[in-house]
Amino acid sequence: MPVPPSELPILEALVNLRNRLTALKKDRTEYIRAHDVMAIYGQVIEQVDKLNAVRNPEEGENKPEVSPSSTIGVEGEDDVTPHSTPKTHTAQTSAPLPPLSLPGAALSAVDPSSSSSSSPLASSSKSLSPAMESLVISPHSPSSQPHNLAPNGSVSIAESKSHPASPLLQPKAETEEPIVKYTSVKEKDALDGQEVEESKDKKPKKTLNRVDTTLNDVFQLLSLFFLTIGKSRESPAIYCQLMTMKRLLDHLNESGIYTSSDLQPFVARVKEFKEMIRRDRRDKLHPEGLIRLLTHKLDICDEELKSLLDSLSVLDVELVPLHQRLIQIRRKLAAIAAKLRPAKSEIEGLWAELKEIDSQRIDGKFMNPDSSTIPDGQAILAGLLEENFEICQDISARQEDVAPPLQPIYDRLQDLRAQLERLVLTHRWTLRETDLFNFQVSLSEIDGMRVDGKFVDSEGNKPEGQLVLLYLLRRCYGLCYRLVSSSEPVSEELMPINNKLSTVKRCLIEVAKYGGVSSLRELYPYQMALSQIDDLRVDGKFLGRDGSVPEGQAILTAELGECYEIISMLREELEAEERKEEMESKEEENEE
């Protein structure tokens, strides 16, 4: 969709802000400081406020109605991917209130009373401003095109006009055709059209332009910057984590390869996010419009998570161990399939295990071992069993890892996985959270190449090697989520001190675990290291190079105190041992 003239200044400002964030991300000569990030954050919020005013001028006139293009339905998707099935978007309206203020910026808000719907998802979706709504339904498709920079580093409006968005920035969802709710879809080539049974409710499809995708990029970068400066307990840091979580849940739902224990970490994480958003809303740390956007995204993840848990509720308790065993076999097969030349012995062992499970069926049913009843959940186990047999057969019969048309995607995913696995091992010393943006962009581009969940060649065929590519893609998403969620609330500037304290603490714990020390001299290296760290504090604070107070003071102070406590405990144990030996020696002298 072309950018309207009224939005071109906003696009220019957003592109410049994205370039500033990218330059700040690449600069390794200096640590990223909070005041630099917060300054850009304020400017981004200011552009969002301007975009709201342009797209919804009624807010400025304090009118109760909003245009259809500035509303979103309760069934709105968080991410629209080329292989997803469209859903109906029901228009919602709400009465706007004056925007909440932020230093130098503002986000529009709506009347809280308008969110009294019975559905939490509906309550959050109705109240989104137009600019924020565009982030909810737009895919993560950052521009891969180079920009022509002016001498001052800005991007001209003319450049924005002359360079249309790439296919990744202009997905098929940007057509003017109305969205229909599909009730049945017959398998047919998407290029020839799909035969669908349309519902009666129709609504013009929300269109996206380059402003929306650029704004999405900026918010993703800002979210990673919040993690880098140690503000991982604030709402903006949730944005990138929610997008990665949504991708993972989509793939779990698509594959069906998950157990209840796999979903529990997501359940715990969603609870943490809800508490963070609730706290920030109570303390008014961030604009209400941003809080509502994050709440809406969180509700979408929560609903999909509940749907995955409900799908497992039909499984009888007696069949849960067998289900977990089949899931483990399925994952082992996927890992074997991703190897360059898997050994036949690995496949033969799993094949024998599958045959042993299959032999437990009676007339095609898994029976209750304690009775002759047929437990619920037969279809789930039968489907997993048949799928595992098919994968074993495919791996044994294949001549190559992937078909030649898919080889570039395979090589790219292998390289991404290798880089992410190295970061998992060394992230405490080498990872800057903003580096993950490049991985997210690459994975999003690869994921967007799928058609109906499959990778296709230039002729629309689906070559062999789908399992390998999907395994690598999901593995990369999992590693990304692991790195993002493991970010500590410590600023990058204080991370070297934090790493040193963590190392000293682990060493002291190991020393205490294996019997303590034999002399005070053994404690000197640890005491010297802690003394050097303690001398870095000024008035009890660890300061940055510019004299600011970075995030993470409480964590560093607590770790320093724990290290001193362990040293004190080891010293007391040593003194007690020495007194005991002295008393024993005196008793021996008295006996003599």
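**Two helix pairs**

Select α2: its buried residues (under 20% relative accessible area with a 1.4 Å probe, protein chains only) are Val37, Ile40, Tyr41, Gly42, Val44, Ile45, Gln47, Val48, Leu51, Asn52 and Arg55. The model is predicted, and local features need pLDDT of at least 70, while side-chain atom pairs count only at pLDDT 80 or more. Residues are numbered from 1 along each chain, and side-chain values use heavy atoms. Helices here are DSSP runs (H or I, at least four residues), numbered from the N terminus.

Next, add α1, residues 8-26, to α2, residues 34-55. The two pack at an angle of about 160°, with axes 10 Å apart; axes are lines fitted to C-alpha atoms over the stretch in contact, and angles run from 0 to 180 degrees between N-to-C directions. α1 and α2 are therefore roughly antiparallel (over 145 degrees).

Now show the side chains where the two helices make contact (heavy atoms within 4.5 Å). On α1, look for residues including Ile10, Leu14, Leu17 and Leu24; on α2, those they meet include Val37, Ile40, Val44 and Leu51. The residues of this contact divide into 11 nonpolar, 2 polar and 3 charged (Ala, Val, Leu, Ile, Met, Phe, Trp, Tyr, Cys and Pro count as nonpolar, Asp, Glu, Lys and Arg as charged, and the others as polar).

Move to α13, residues 407-430, and α15, residues 466-485. Their packing angle is about 25°, and their axes are 9 Å apart. That makes α13 roughly parallel to α15 (under 35 degrees). Among the residues in contact are Leu413, Leu420 and His427 of α13, and Leu472, Cys476 and Leu483 of α15. By class, this contact has 16 nonpolar, 2 polar and 4 charged residues.

Notes
Parallel < 35°, antiparallel > 145°, perpendicular 65-115°, else oblique. Buried < 20%, exposed > 50% of the residue type's maximum accessible area, 1.4 Å probe, protein only.
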